[in-house]
Amino acid sequence: MRFGQYARIKLNKEFSRNELVSIILPIYNAEKTVQRAIRSILNQTYSNWELILIDDGSNDTSSDIIKKLKDSRIKKIYFKTNKGLVKSLNAGIKISKGKFIARMDADDVSLPERLFHQLQFLKKNPLFDLVGSQQIIFDEDSKKMLKLYPKTKKKYFARQYYFFYKIPHPTWMARSLWLKEHLYRENNTYSEDQELLIRGSNLSNYYLIKKPLLLYSNSNILLITKLRSNKNIFIKKFLNYKNNLDLYKHRIFIYIIFDFLFFTLKTIFYLGSHLLKKYKFFSFKKQNNIISPEAKKILNEI
């Protein structure tokens, strides 16, 4: 759903009275893409935000690029050495002043109405602590659309059983109090987002909007990274059951069995997909009909 100019201005004024949104954007050696990521925030239809840039010890020209930015809404943090994504995110969260916190990566692009739509959802749905959205995955070299992920909207309610949470990490917007209470665990390099959602799952509700609000740069994620992430998610779910035996009771055995089967199938899927791509038996099909003309225009310009 798109809003007319008058309706958007009216709602924008209503939201902007007290609702500052903090956007956390970690940067590490992203000199080729960081400008477009920042530009996508500057071009948001919702303007009451602060952008927190964390240069995580980059050794390219990324720090020089962000030093030149003059917008008063932009805050900058510089790490002398590379501390990793989790520490960068937590550093940004801790100094944020917004009632809501969003995040994205330095090689992605937020579509113009992303903040507006997500803020509108959280204000109208106090039951939910965090909202994400669909994302359009594109090829970094050819700038062609590859696929829309996830396919449908999702509602995740506390204490219900889920294999994992299909809420793309760069699309998150959460209530500040909720995120500052949970933060990211620094020992979860390969699955920090799933670990946080699992840890908060017993008392939290999450939602995925069926609307693509972010262009996600497809990078060749190493197979070993996917396998480690899959393993970490399984371990964290097991620990969550162990720490909440009074809630799960006898169901814990059924859940662990299903989790193990899911873990096994997903591992086989990763290995199979890797082999098919390696020997060119499989490739993404272009899906140019999945996004709006506006999103296509933005993709062509980046």
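## A tour of cavities, a pocket and two helices

Select Arg159, Gln160, Tyr161, Tyr162, Tyr165, Ile198, Ser201, Asn202, Lys237, Asn240, Tyr241 and Tyr248, and you will have the lining of the largest cavity on screen. Bear in mind throughout that the model is predicted. The space enclosed here has a volume of about 100 Å³, and it belongs to a structure that holds three cavities of 30 Å³ or more. If you colour the lining by class, you should find six nonpolar, four polar and two charged residues. Helix H8, which covers 223-243, gives the most to this lining, with three residues.

Keep Lys237 selected, since it lines the largest cavity and also appears in the lining of the second largest cavity. To complete that second lining, add Phe163, Phe164, Asn230, Ile233, Phe234, Asp259, Phe262, Phe263 and Lys266. The second largest cavity holds about 70 Å³ of space, and its lining divides into six nonpolar residues, one polar residue and three charged ones. Which helices each supply at least two residues of this lining? They are H8 and helix H10, the latter running over 251-278.

Next, show helix H7 (192-199) beside H8 (223-243). The two helices pack at an angle of about 15°, with their axes 10 Å apart. Because angles under 35 degrees count as roughly parallel, H7 is described as roughly parallel to H8. Their crossing is right-handed. To see where they touch, select Gln194, Glu195, Ile198 and Arg199 on H7, and then Ile233, Lys236, Lys237 and Asn240 on H8, which are the residues that meet. By class, this contact has two nonpolar, two polar and four charged residues. Several of these side chains will already be familiar from the earlier stops: Ile198, Lys237 and Asn240 line the largest cavity, while Ile233 and Lys237 line the second largest cavity.

From the H7 and H8 contact, move to the second largest pocket, in which about 320 Å³ of space lies. Its lining is made up of 20 residues, and the ones closest to the pocket centre are Ile198, Arg199, Gly200, Asn240 and Asn244. Ile198, Arg199 and Asn240 also take part in the contact of H7 with H8. Helix H6 (176-182), H7 and H8 each supply at least two residues of the pocket lining, and the largest share, four residues, comes from H8. Coloured by class, the lining shows five nonpolar, nine polar and six charged residues.

The last two stops are on the backbone. Most residues other than glycine have a negative phi, and most peptide bonds are trans. With that in mind, select Tyr149 and Pro150, where the connecting peptide bond is cis, with omega near -15°. Pro150 sits in the loop between strand S7 (145-149) and strand S8 (154-156).

Finally, where does Asn29 lie? You will find it in the loop between strand S1 (21-27) and helix H2 (34-42). Asn29 is not a glycine, and yet its phi is positive, at about 50°.

Notes: Residues are numbered from 1 along each chain as its sequence is written. This is a predicted model: local features need pLDDT of at least 70, side-chain atom pairs count only at pLDDT 80 or more; totals for chains, interfaces and linings use all residues. Side-chain values use heavy atoms; hydrogens and water are left out. On a 1 Å grid over the protein atoms alone, a cavity is a set of points where a 1.4 Å probe fits but cannot get out, and a pocket is an open set with protein on both sides within 12 Å along at least five of seven lines; lining residues have an atom within 4 Å of a point. Grid points are joined across faces, edges and corners, and a volume is the space filled by probe spheres set on the points. Ala, Val, Leu, Ile, Met, Phe, Trp, Tyr, Cys and Pro count as nonpolar, Asp, Glu, Lys and Arg as charged, and the others, Gly among them, as polar. Axes are lines fitted to C-alpha atoms, for helices over the stretch in contact, and angles run from 0 to 180 degrees between N-to-C directions. Angles under 35 degrees count as roughly parallel, over 145 as roughly antiparallel, 65 to 115 as roughly perpendicular and the rest as oblique. A crossing is left-handed if the near helix is turned anticlockwise from the far one by less than a right angle, and right-handed if clockwise. Contact means heavy atoms within 4.5 Å.
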